[in-house]
Amino acid sequence: MTKVINGEELNIPTHVAIIMDGNGRWAKKRHLPRGMGHREGGKTMEQILEDAKDLGIRYLTVYAFSTENWKRSVEEVTGIMNLLRKYLKDCVERSLKNNMRVRVIGDTSALAEDIQESIRHLEEVTKDCDSIDFLIAINYGGRDEIRRAVKKLTAQAAAGTIDPDSIDEQMISDSLDTAGIPDPDLLIRTSGEERLSNFLTWQLAYTEFYFTDCLWPDFDRDELVTAIRYYNKRDRRFGGA
Ligand code: IPE
Ligand code: IPE
Ligand code: MG
């Protein structure tokens with residue numbers, strides 16, 4: 001889809017994935033506790049979701065908490081979980097108002113029971129919304145997601161419901177948490193780090209990468225448009241000549 005933004009015609013990526021990084025450094029720069037960075041980062045996430053919808057992005061996936069983030073202090077992890085707890089509750093009304101379908105990816109079984117319940121409720125009530133799909137990665141790891149997909153497929157093979165020889169790439173995609181969602185066209189990572197940190201390992205095989213020094217709480221619509229402009233300059237060949 002193309003869209004004219006500030007007089008400029010841009011091809012809008014269908015699916016944008018974001019590694020929202022730099023909350024801690026944003027807080028540190030201001031001599032604030034890390035938790036304040038996460039709080040600001042949460043506000044940025046809400047705003048960027050609306051901007052994405054407004055720009056015509058059809059799928060937005062954000063990395064909120066990785067399978068490795070449990071290594072942080074109990075205080076920090078508890079703070080992030082409390083922010084998510086509140087966000088998932090507030091999200092119901094906002095999503096319905098903006099016609100947004102929400103899905104959580106990652107191993108949610110390790111989350112507190114009330115958070116799991118909020119996720120089930122949010123996914124259920126927004127399932128028919130169709131202006132944008134918002135995927136939030138919580139306790140998500142790309143390798144863990146592949147591990148869980150392999151378990152599902154091998155269990156089916158052992159039960160005789162599928163033939164191991166029939167397993168193709170599509171069946172693997174369909175066994176991931178992102179089943180039914182097209183692979184991301186554009187990946188954005190903020191805060192200057194240039195690594196994937198276990199995000200969407202399978203799905204990013206042909207995605208364009210955009211890295212910016214901007215810390216996540218400072219990321220805004222202009223930054224998002226800059227990333228889309230960068231995406232427009234890429235020549236996506238998918239292995240062709
Ligand atoms: C990203 O910000 C948010 C999460 C990983 C939950 P960080 O907390 O990683 O911020 P930095 O990288 O320490 O600045
Ligand atoms: C990746 O950021 C995870 C999220 C943004 C949720 P990290 O800050 O955890 O990644 P590393 O440790 O710098 O690789
Ligand atoms: Mg970080």
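# Exercises on the pockets and ligands of a predicted model

About 800 Å³ of space lies in the largest pocket. The structure is a predicted model, and the exercises below work through its pockets and its two ligands.

**Exercise 1.** Describe the lining of the largest pocket by its central residues, its secondary-structure elements and its residue classes.

*Solution.*
Step 1. The lining of the largest pocket comprises 33 residues, and those closest to the centre are M20, N23, H38, A64 and I80.
Step 2. At least two lining residues come from each of helix 1, helix 2, strand 4 and helix 3. Helix 2 contributes the most, with 8 residues.
Step 3. Sorted by class, the lining holds 13 charged, 11 nonpolar and 9 polar residues.

**Exercise 2.** Determine which pocket ligand 1 occupies, and characterise the shell around ligand 1.

*Solution.*
Step 1. Ligand 1 takes up the space of the largest pocket.
Step 2. The shell consists of 13 residues, of which D21, G24, R25, R34 and R72 are the closest.
Step 3. Helix 1 (23–29), helix 2 (34–55) and helix 3 (74–97) each give at least two residues to this shell. The largest share, 3 residues, belongs to helix 1.
Step 4. The classes in the shell of ligand 1 are 5 polar, 5 charged and 3 nonpolar residues.

**Exercise 3.** Identify polar contacts made by oxygen atoms of ligand 1, and state how much of ligand 1 the protein covers.

*Solution.*
Step 1. The cut-off for a polar contact is a pair of N or O atoms within 3.5 Å.
Step 2. The side chain of R72 has an N or O atom 2.7 Å from an oxygen atom of ligand 1. For the side chain of D21, the corresponding distance is 2.9 Å. At N23 a polar backbone atom is involved, 3.1 Å from an oxygen atom of ligand 1.
Step 3. On its own, ligand 1 has 380 Å² of accessible area, and the protein covers 86% of this.

**Exercise 4.** Carry out the analysis for ligand 2, covering its pocket, its shell and its polar contacts.

*Solution.*
Step 1. The space that ligand 2 takes is the largest pocket.
Step 2. The surrounding residues are I19, M20, D21, Y63, A64, F65, N69, R72, R189, R195 and S197. Strand 4 (residues 59–66) supplies the largest share of them, 3 residues.
Step 3. This shell contains 5 nonpolar, 4 charged and 2 polar residues.
Step 4. A polar side-chain atom of S197 is 2.6 Å from an oxygen atom of ligand 2, and one of N69 is 2.9 Å from an oxygen atom of ligand 2. In the side chain of D21, an N or O atom is 3.2 Å from an oxygen atom of ligand 2.
Step 5. Of the 390 Å² of accessible area that ligand 2 has on its own, the protein covers 77%.

**Exercise 5.** Give the volume of the second largest pocket and describe the lining of that pocket.

*Solution.*
Step 1. The second largest pocket holds about 210 Å³ of space.
Step 2. Its lining is formed by P33, R34, G35, M36, H38, R39, S73, E75, E76, G79, I80 and L83.
Step 3. Helix 2 and helix 3 each provide at least two of the residues that line the second largest pocket.
Step 4. By class, the lining of the second largest pocket has 4 nonpolar, 4 polar and 4 charged residues.

Note on methods. Residues numbered from 1 in each chain as written. Chains lettered and ligands numbered in written order. Predicted model: local features only at pLDDT ≥ 70, side-chain atom pairs only at ≥ 80, totals over all residues. Heavy atoms only, no water. Near = heavy atom within 4 Å. Polar contact = N/O pair within 3.5 Å; in protein donor to acceptor, adjacent residues only side chain to side chain. Areas by Shrake-Rupley, 256 points an atom, 1.4 Å probe, with all protein chains shown as cover. 1 Å grid on protein atoms, 1.4 Å probe; cavity = no way out; pocket = protein on both sides within 12 Å on 5 of 7 lines; lining within 4 Å. Sits in = over half its atoms within 2 Å of the grid points. Helix = DSSP H or I, 4+ residues; strand = E, 2+ residues; numbered from the N terminus. Nonpolar A, V, L, I, M, F, W, Y, C, P; charged D, E, K, R; others polar. Points joined across faces, edges and corners; volume = space filled by probe spheres on them.
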